[in-house]
Amino acid sequence: MTKTETVTTGDGVRLWAQRSGRGATPLVLCHGGPGLWDMFDDVAGLLGDLATVIRWDQRGCGRSEPCDGPWTVERFVADLDAVRRHFGLDRTALLGHSWGAQLALHYTLAHPDRVGTLVYVSGTGIGPDSDWHGAYKENQRARLGERLERLVLRRELTDTPKRDEAREREWAVLHWSAEFPDADRATEHAERMADPWLGINSACNKRLNAAARRVCGTPGLYAACAGLEVPVLIVDGAEDIRPRSAVDSLERALPHVTRVTFPQAGHLPWVEDPQGFREAVAAGLGPG
């Protein structure tokens with residue numbers, strides 16, 4: 001059974017949340033972005049017999065209440081804790097994807113007693129952005145270049161001074177198509193991500209990315225990860241346009257870590273290898 005609920009944060013912001021699945025293990029999902037919304041329909045379906053899956057839209061994003069922030073890592077960690085408390089969970093497994101992997105890691109470092117397992121999917125590690133961001137942009141341009149029509153559309157949208165919501169969606173779908181290694185199906189997959197289209201919170205994206213960058217690469221973050229006793233499963237797609245070597249910093253720091261890389265998958269590995277993804281997460285969660 002699927003049930004939609006409203007979570008109220010410590011500063012009174014209302015968050016969209018949804019519970020589904022029938023498994024014994026509680027599993028809270030943290031979506032990517034920042035500034036996007038939960039797109040985990042496929043993941044919730046894959047894992048629903050393994051876990052009770054809780055999804056939520058981060059503050060000011062998607063189906064959650066519009067707000068003016070604050071856009072800080074600490075505030076988003078507190079919001080995630082509000083989700084945990086709302087559903088009455090003493091401890092939970094966490095699965096974070098992309099930016100959500102970073103959020104889930106920061107939550108686990110802040111509250112290790114409240115996390116049973118961390119599943120860190122398609123993150124970018126704990127080093128500075130310089131470890132990966134330049135190569136990411138190069139890889140993105142190269143993958144878009146695999147289809148001439150995508151390059152033409154990119155040029156057209158870039159030259160549009162003000163994009164309305166329809167054009168913003170088109171821009172997002174174009175760039176999200178680079179996340180998938182199969183050029184023949186990339187746009188189809190990206191269209192699914194944008195359905196429904198809930199709009200990108202650009203202020204959240206800009207400010208929260210900047211806040212997160214200030215933490216990455218710091219000695220304190222490396223030391224905190226080295227002292228983390230919670231088991232962590234790192235899940236990668238080898239064809240992710242963000243260099244997977246960026247995650248080596250996190251893998252080296254963690255004392256209790258397993259890493260699974262899917263050779264034919266991109267940034268959303270459950271799309272290209274759903275069965276492999278399910279098996280990896282099931283092993284990470286352990287007996288339900």
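**Exercise 1. Which residues form one aromatic cluster with Trp37?**

Solution. In this predicted model, the cluster consists of Trp37, Trp176 and Trp197. Trp37 can also be approached from another residue, since Leu198 has Trp37, Gly62 and Arg63 as its contacts once neighbours within four places in sequence are set aside. Leu198 itself sits in the loop between α7 (186–193) and α8 (202–215), and with a relative accessible area of 30% it is partly exposed. Its C-alpha atom lies 9.6 Å from that of Glu165, although 33 residues separate Leu198 and Glu165 in sequence.

**Exercise 2. Determine how strand β3 is placed among its neighbours, and whether it is enclosed.**

Solution. Begin with the pairing on one side: β3 (residues 25–30) is joined in the parallel sense to β4 (residues 51–56) over four bridges, and within this pairing Leu27 stands opposite Val53 in β4. Next take the other partner, β5 (residues 92–97), which runs parallel to β3 and is joined to it by four bridges; here Leu29 is set opposite Leu95. Then consider the connection, where β3, helix α1 (residues 41–47) and β4 make up a β-α-β unit that is right-handed. Finally, count the burial: five of the six residues of β3 are buried, so the strand is largely enclosed by the rest of the structure.

**Exercise 3. Decide whether Ser20 is buried or exposed, and list its contacts.**

Solution. Ser20 belongs to strand β2 (residues 14–20). Its relative accessibility is 10%, and because buried means under 20%, Ser20 counts as buried. Apart from neighbours within four places in sequence, the residues in contact with Ser20 are Met1, Thr2, Ala44, Ala51, Thr52 and Val53. Val53 in β4 is also the residue that stands opposite Leu27.

**Exercise 4. Establish how many disulfides the structure contains, and examine two of its cysteines.**

Solution. A search of the whole structure gives zero disulfides. For Cys61, the nearest cysteine sulfur is that of Cys204, 4.0 Å away; because a disulfide requires sulfur atoms within 2.5 Å, Cys61 is in none. For Cys216, the nearest cysteine sulfur is that of Cys225, at 9.6 Å, and Cys216 is likewise in no disulfide. Both cysteines examined here are buried, Cys61 with a relative accessible area of 1% and Cys216 at 12%.

**Exercise 5. Check the length of helix α3 against expectation, and describe its surroundings.**

Solution. Helix α3 covers residues 99–110, and at 1.5 Å a residue its twelve residues should span 16 Å. The C-alpha atoms at its ends are 17 Å apart, which agrees with that expectation. Ten of the twelve residues are buried, so α3 is largely enclosed by the rest of the structure; among the buried ones are Trp99, Leu103 and Tyr107.

**Exercise 6. Classify two of the aromatic pairs by their geometry.**

Solution. The structure holds eight aromatic pairs. One of them is formed by Phe76 and Trp99, whose centres are 6.2 Å apart and whose planes meet at 75°, making the pair edge-to-face. This pair links distant parts of the chain, with Phe76 in helix α2 (residues 73–86) and Trp99 in helix α3, 23 residues apart. Phe76 is buried at 0% relative accessibility, and Trp99 is buried at 4%. In the pair of Trp132 and Tyr136, the ring centres are 5.8 Å apart and the planes lie at 50°, so this pair is tilted. Trp132 is buried at 10%, and Tyr136 is buried at 11%.

Conventions
Residues numbered from 1 in each chain as written. Predicted model: local features only at pLDDT ≥ 70, side-chain atom pairs only at ≥ 80, totals over all residues. Heavy atoms only, no water. Buried < 20%, exposed > 50% of the residue type's maximum accessible area, 1.4 Å probe, protein only. Helix = DSSP H or I, 4+ residues; strand = E, 2+ residues; numbered from the N terminus. Pairing = 2+ DSSP bridges. Right-handed = clockwise from strand over helix to strand, strands pointing away. Contact = heavy atoms within 4.5 Å. Expected span 1.5 Å × (residues − 1). Phe/Tyr/Trp six-rings, centres within 6.5 Å; stacked < 30°, edge-to-face > 60°.
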